[in-house]
Amino acid sequence: MRAMQQSETQGAAPAPLLDVRDLRVTFDTPHGLVRAVGGVSWTLSPGETLGIIGESGSGKSVGLEAIMGLIKTPPGHVSGQVMFDRRDVLTMPERDRRQLRGEKIAMIFQDAMSALNPSLTVGTQIAEVYRLRRKCSHADAERKAIELMDRVKIPSAKTRIGNYPHEFSGGMCQRVMIATALALNPQILIADEPTTALDVTVQRQIMTLLAELQREDGMALVLITHDLGLVAETVDRAMVMYAGRLVESAPVSALFEVPSHPYTRGLIRSMPRIDGASGKLHAIGGTPPAAGRMPKGCAFHPRCEMRVERCGIERPNLRPVGKNRAAACHLAEEIPHV
Amino acid sequence: MSDTPVFEVRDIRKDYVLGKPGLFGGKLRTLAAVRDVSFTLCRGETVGLVGESGCGKSSLARTVLRLNEPTGGEVRYHGQNILDLPKAEMQKLRRHIQVVFQDPYSSLDPRFTVRRILSEPWQVFPEIVPPEKREARVAELLSLVGLNPSDADRYPHQFSGGQRQRIGIARALALEPEVIVCDEAVSALDVSVQAQVVNLLKDLQDKLGLAYLFIAHDLSVVRHISDRVIVMYLGQVVEEGPTDEVFRNPRHPYTVALLSAVPLPDPKRRNREVIVLEGEVPNPIFPPAGCPFHPRCAHARDICRSTLPPVRKIGEASARCHFADELDISGIAPTIEHES
């Protein structure tokens with residue numbers, strides 16, 4: 001990972017593992033067509049940890065769900081290209097896609113408790129992956145399930161394999177979900193708010209575990225979160241989404257030091273800090289636009305402190321601003337430090 | 001900030017009795033959700049209450065509001081023990097102690113307009129605002145929380161989460177309370193909106209002299225808004241003191257672990273030393289003997305396994321740890337002053 005980060009900063013980026021081009025997701029609703037993700041492009045390198053930051057409704061989850069094929073169509077429409085291993089994931093037959101899911105790309109979710117089947121033991125649910133995908137015998141699959149539970153540090157795996165999800169705490173359920181996701185050694189793990197429902201000490205345990213597993217397996221991790229602290233501590237590169245579009249992408253240290261988008265800067269400044277003084281927070285005024293009612297020009301301009309006339313007329317495209325960075329702001333070069 | 005306590009909680013206790021005795025009798029099990037918690041709220045003061053799921057912070061909130069009847073202890077409002085009050089008297093007193101809940105989606109009636117939501121409390125307490133002034137008062141309340149007076153005719157679903165939380169706050173303010181219990185009031189909000197609501201709560205406090213009991217699991221928000229902070233673990237207060245003191249110089253190993261676990265939005269410090277607590281919070285039905293934190297504590301010694309530590313006072317703060325004044329652990333907490 002280190003080596004990769006370096007090669008990236010030297011400009012010789014390795015071939016991307018995942019190449020997302022102009023991904024768009026819209027939904028038919030009773031109120032007309034609603035755009036959830038509007039033309040997002042990004043790449044993921046092998047072994048990289050990528051953070052996707054955004055608030056509710058920014059499209060951060062929907063985009064990844066579309067890549068995984070979890071959007072029901074209709075009412076959803078997904079367009080664009082998602083290249084993995086020289087094939088477009090979005091157009092491949094459902095059979096191949098199922099093969100890809102779990103085998104190459106796995107996903108874990110926020111609410112582990114409800115993502116697991118309450119009527120099956122956790123052992124069955126982990127072992128199922130091996131029985132269905134690897135055609136393992138029951139005994140073999142169970143043995144592997146225990147190994148995996150050990151690996152995600154579920155204590156006394158041998159006895160707990162017969163427990164049901166309700167007998168596990170939220171943190172332990174998340175470990176079970178991580179185990180099922182890692183069962184087939186995927187190259188990419190997508191983690192959608194994996195610790196949001198967990199207490200902070202448990203979050204620390206889970207993030208430590210994910211980092212360890214990633215180091216051992218060398219898989220790439222896409223972390224979707226609203227928590228800037230988590231991003232600062234975990235990822236190599238971060239992308240910020242607002243109103244369905246990418247507004248900034250940068251190596252994480254650069255992003256926190258000199259953001260290139262007023263929204264990123266606003267987010268960082270509005271966050272209460274545990275190592276900060278009390279006093280007023282620098283809140284961003286207003287609220288994000290509703291999906292059906294996008295403002296003209298830059299979607300952020302009604303809330304932006306730096307807006308100029310042009311911002312209300314012309315939508316800024318994502319453009320390179322310095323090394324390995326891109327931002328969608330007319331004034332990207334003029335954003336002050338945090 | 002004056003020093004006359006508006007709200008005083010003394011040794012409050014809440015036990016839940018679990019299940020029924022078996023066929024052959026047998027002992028009833030009890031779960032001690034809140035164990036002898038005390039604190040004082042003065043006018044214009046915010047006491048933050050932090051802890052993880054199951055530590056008893058919400059039980060405490062419900063108990064001091066008398067939404068649950070406590071098993072023991074006292075809750076005094078201006079010196080009067082409200083736990084002795086008959087139901088009708090208690091009803092009258094409720095206007096002074098209001099609550100703002102976490103979920104702005106389920107705490108507002110979807111069939112009511114904002115006007116009706118805000119004026120409904122006045123049907124119970126008609127003397128607060130005479131009928132002819134209600135229209136104007138609704139508009140006033142809406143501007144007070146940063147909404148538009150013309151929003152009065154809209155329904156909750158027409159508002160965003162942050163705006164709904166503002167409506168919830170306006171409703172709490174309708175009865176002109178002195179104390180507001182904020183139970184995870186900003187937890188469901190996005191960062192940029194959360195900051196607005198935190199600022200609003202602070203402004204209202206300055207303007208109206210409100211006292212807040214601010215319950216949250218997010219330590220950063222608590223640090224920001226509280227004058228004093230209480231840390232709970234398994235129903236007990238493990239540490240308490242002025243916010244700056246507790247965050248800069250935590251004495252209890254649990255507080256240190258809790259602070260250390262919070263991710264810092266500063267990539268330069270990602271390689272700092274952090275404490276990863278082993279295991280999980282024990283089942284509160286069978287709390288460990290001695291100090292409830294000892295099974296997870298890196299500093300536990302024999303005495304911790306057998307004897308519940310007394311509360312040790314250290315300056316203005318106090319911690320329930322046998323070694324509170326000996327352990328040199330505070331350096332691990334990520335509380336180096338950040339210029340802001």
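1. A quick word on terms before we start: helices and strands here are DSSP runs, with helices of at least four residues and strands of at least two, numbered from the N terminus. With that in hand, please keep in mind that you are looking at a predicted model.

2. Let's begin with the second largest pocket, which has a volume of about 770 Å³. It is lined by 22 residues, and those closest to its centre are Arg101(A), Gly102(A), Val129(A), Arg133(A) and Thr180(A). In chain A, the elements α3 (94-103), β6 (105-108), α5 and α8 each supply at least two residues of this lining. By class, the lining of the second largest pocket divides into 13 nonpolar, four polar and five charged residues.

3. Helix α5 of chain A, one of the contributors to that lining, deserves a closer look. Its 12 residues (122-133) should span 16 Å at 1.5 Å a residue, and this agrees with the 17 Å between its end C-alpha atoms. After α5(A) comes Lys135(A), which has a positive phi, near 50 degrees.

4. Which residues of α5(A) are buried? They are Val122(A), Gly123(A), Gln125(A), Ile126(A), Ala127(A), Val129(A) and Tyr130(A). A reminder that may help when you view them: an α-helix has 3.6 residues a turn, so residues three or four places apart point the same way. The buried residues of α5(A) pack against three helices of chain A, namely α6 (138-151), α7 (157-160) and α8 (170-182). Val129(A) is thus on the buried list and also among the residues closest to the centre of the second largest pocket.

5. Now for the enclosed space. How many cavities of 30 Å³ or more does a search of the whole structure find? There are five, and the largest cavity holds about 90 Å³ of space. Its lining consists of 14 residues, with Pro253(B), Cys291(B), Cys297(B), Cys304(B) and Cys321(B) nearest the centre. That lining has 10 nonpolar and four polar residues, and no charged ones.

6. One of those cysteines, Cys304(B), sits in helix α11 (residues 302-306) of chain B. Cys304(B) counts as buried because its relative accessibility is 8%, against a cut-off of under 20%. Although Cys304(B) and Cys291(B) are 13 residues apart along the chain, 5.3 Å separates their C-alpha atoms. Beyond its neighbours within four places in sequence, Cys304(B) is in contact with Ala289(B), Gly290(B), Cys291(B), His294(B), His322(B) and Phe323(B).

7. Finally, an annotation to weigh: an unreviewed UniProt entry lists residues 20-268 of chain A as "domain: ABC transporter". In the model, this span is 42% helix and 27% strand, and its end C-alpha atoms lie 27 Å apart.

Methods:
Residues numbered from 1 in each chain as written. Chains lettered and ligands numbered in written order. Predicted model: local features only at pLDDT ≥ 70, side-chain atom pairs only at ≥ 80, totals over all residues. Heavy atoms only, no water. Expected span 1.5 Å × (residues − 1). Buried < 20%, exposed > 50% of the residue type's maximum accessible area, 1.4 Å probe, protein only. Contact = heavy atoms within 4.5 Å. 1 Å grid on protein atoms, 1.4 Å probe; cavity = no way out; pocket = protein on both sides within 12 Å on 5 of 7 lines; lining within 4 Å. Points joined across faces, edges and corners; volume = space filled by probe spheres on them. Nonpolar A, V, L, I, M, F, W, Y, C, P; charged D, E, K, R; others polar. UniProt positions renumbered as here; feature names shortened; annotations may be inferred.
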